[in-house]
Amino acid sequence: MSATQQADTDQLNDAKDSAKVGVVLTEAAATKVKALIEQEGEEGLRLRVEVSPGGCSGLRYGLYFDTDVRDGDTVQDYEGFGVIVDKMSIPYLIGASIDFADRIDAQGFTIDNPNAQGSCACGDSFH
């Protein structure tokens, strides 16, 4: 297999792995999550990403650290940590990406979700 074919195969496999979890972290988000997990100092922490009912638009994102992997959860490994998504949230998160900004005009995690048809004015929930 040529280097080009191998690179194409690797990209396809990465896309398939991301589709299983439904969400992709940008390099900035992955770096921040890894730093926060290291700061916590607890063995086995992973980032859990979920969608649950709530907010003024109907659905709300949740991002938090968790050590438990429940039945039906999918875990995607990043360098140094894992991202957990439960089976109910995966369909809402397919193709979504999580980014992190630390600028004077924006700070924190943001989720770009092509499945969201709209969101509320505060940006905390979507439908």
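Is Phe-100 buried or exposed in this predicted model? Select Phe-100 to begin: its relative accessibility is 15%, and Phe-100 therefore counts as buried, a term that stands for under 20% relative accessible area, with exposed meaning over 50% and partly exposed the range in between (1.4 Å probe, protein chains only).

Before moving on, please note that residues are numbered from 1 along each chain as its sequence is written, and that side-chain values use heavy atoms, with hydrogens and water left out. Because the model is predicted, local features need pLDDT of at least 70 and side-chain atom pairs count only at pLDDT 80 or more, while totals for chains, interfaces and linings use all residues.

**The whole chain**

Show the protein chain as a cartoon, and it presents three helices and eight strands, where helices (H or I, at least four residues) and strands (E, at least two) are DSSP runs numbered from the N terminus. Along the sequence they follow the pattern α-β-α-β-β-β-β-α-β-β-β. Of the 127 residues in the protein chain, 33% are buried.

**Helix 2**

Select residues 27-40, which make up helix 2. With an expected span of 1.5 Å times one less than the number of residues, these 14 residues should cover 20 Å, and the end C-alpha atoms are indeed 20 Å apart. Now colour Ala-29, Ala-30, Val-33 and Ile-37, the buried residues of helix 2. Looking down the axis of helix 2, you find these buried residues within an arc of 95 degrees, so they line one face of the helix; the arc is taken from the directions that lead from the helix axis to the C-beta atoms. An α-helix has 3.6 residues a turn, so residues three or four places apart point the same way. Turn to the face that looks away from the buried side, and the exposed residues Glu-27, Thr-31, Glu-38 and Gln-39 appear there. Just after helix 2, select Gly-41, which takes a positive phi of about 75 degrees.

**The sheet beside helix 2**

Keep helix 2 displayed and add strand 1, strand 6 and strand 7, across which the helix lies, running at about 70 degrees to strand 6; such angles run from 0 to 180 degrees between N-to-C directions, with axes fitted as lines to C-alpha atoms, for helices over the stretch in contact (heavy atoms within 4.5 Å). These three strands form an open sheet in the order 1-6-7 with mixed pairing, two strands being paired if DSSP finds at least two bridges between them. Strand 1 (23-25) and strand 7 (107-112) stand at the edges with a single partner strand each, so one side of each is left without a neighbour in the sheet. Strand 6 (residues 96-102) pairs with strand 7 in the antiparallel sense over six bridges, and selecting Ser-97 leads to its bridge partner in strand 7, Asp-112.

**Strand 2 and its partners**

Next, select strand 2 (residues 46-53), which eight bridges join to the antiparallel strand 3 (residues 59-66), while three bridges join strand 2 to strand 5 (residues 81-85), with these two running parallel. Centre the view on Arg-48, whose bridge partner in strand 3 is Tyr-64 and which stands opposite Ile-84 in strand 5.

**Aromatic pairs**

Finally, display the aromatic rings: a search of the whole structure finds two aromatic pairs, where rings of Phe, Tyr and Trp (its six-membered ring) pair if their centres lie within 6.5 Å, and planes under 30 degrees apart count as stacked, over 60 as edge-to-face and the rest as tilted. Tyr-78 and Phe-81 form a stacked pair, 5.5 Å centre to centre with 5 degrees between the planes. Phe-100 and Phe-109 form a tilted pair, 4.8 Å centre to centre with 55 degrees between the planes, and Phe-109 is partly exposed at a relative accessible area of 32%.
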